[in-house]
Amino acid sequence: LKEVDEKRAKLVNIVGELKKIKSQQKKENSVSVYEGKVGLKVYVRDLLDSGEFFTLGGGGKFNILEKLKYEYPHYLEELKKKKMKGKTITSLGNLPLMKELFKNSEVKLKTLEGLKSHVNFVIYQDKLTIYSAEEKPYVIVIENEDIAVALKGYFDNLWKLAK
């Protein structure tokens, strides 16, 4: 029994050391760039798995709906089914469309004057996504906790100013 107890004590020490090493590891930072309709689909799928999001944009045309016209109704249904929470700051011109899209969902909407760009910024998990669904859609995903936290702070301040 003494031999078994000694082995157990060694294993407990090793497990403790391994836990320390695991907790010290930082997540890898990454940047991914996607183009075309496939890129938009990758982005939306990742967003739907996140649980919560914060969007700034929607000042220009809402071309993502046109690019994903067959997929978008299913994405919205999944968003509502999962009861995803979100906050979106958009232009006054796009507010009626956004209200229609997100009715019966957990997504809150506000407007901010001067939004004219078709480029959108979305913060979720430890990611910042910049996307445009114009002629050639593109999505840039930056996975970095510090950047996501900083931009979420900026978003929160804009949320307070938005109407």
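Is L18 buried or exposed? L18 is exposed, with a relative accessible area of 52%, where exposed means over 50%, buried under 20% and partly exposed in between (1.4 Å probe, protein chains only). This is a predicted model, in which local features need pLDDT of at least 70 and side-chain atom pairs count only at pLDDT 80 or more, while totals for chains, interfaces and linings use all residues. Residues are numbered from 1 along each chain as its sequence is written, and side-chain values use heavy atoms, with hydrogens and water left out.

**Surface**
- L18 belongs to helix α1, residues 2-24 (helices are DSSP runs of H or I with at least four residues, strands runs of E with at least two, numbered from the N terminus).

**Nonpolar cores**
- The largest nonpolar core (buried Ala, Val, Leu, Ile, Met, Phe, Trp, Tyr and Cys residues joined through side-chain atoms within 4.5 Å) has 20 residues, of which Y43, F53, L79, F102 and V122 touch the most other members.
- Two or more residues of this core come from each of α2 (36-48), α4, α5 (95-101), β5 and β7 (138-143).
- With five residues, α2 gives the most to this core.
- Apart from it lies another core of eleven residues, including L128, I142, A148 and W159.

**Backbone**
- Most residues other than glycine have a negative phi.
- K83, which is not a glycine, has a positive phi of about 55 degrees; K83 lies in the loop between α4 (72-81) and β3 (85-90) and is exposed at 60% relative accessibility.
- Q125 also has a positive phi, near 50 degrees; Q125 lies in the loop between β5 (120-124) and β6 (127-132) and is partly exposed at 44% relative accessibility.
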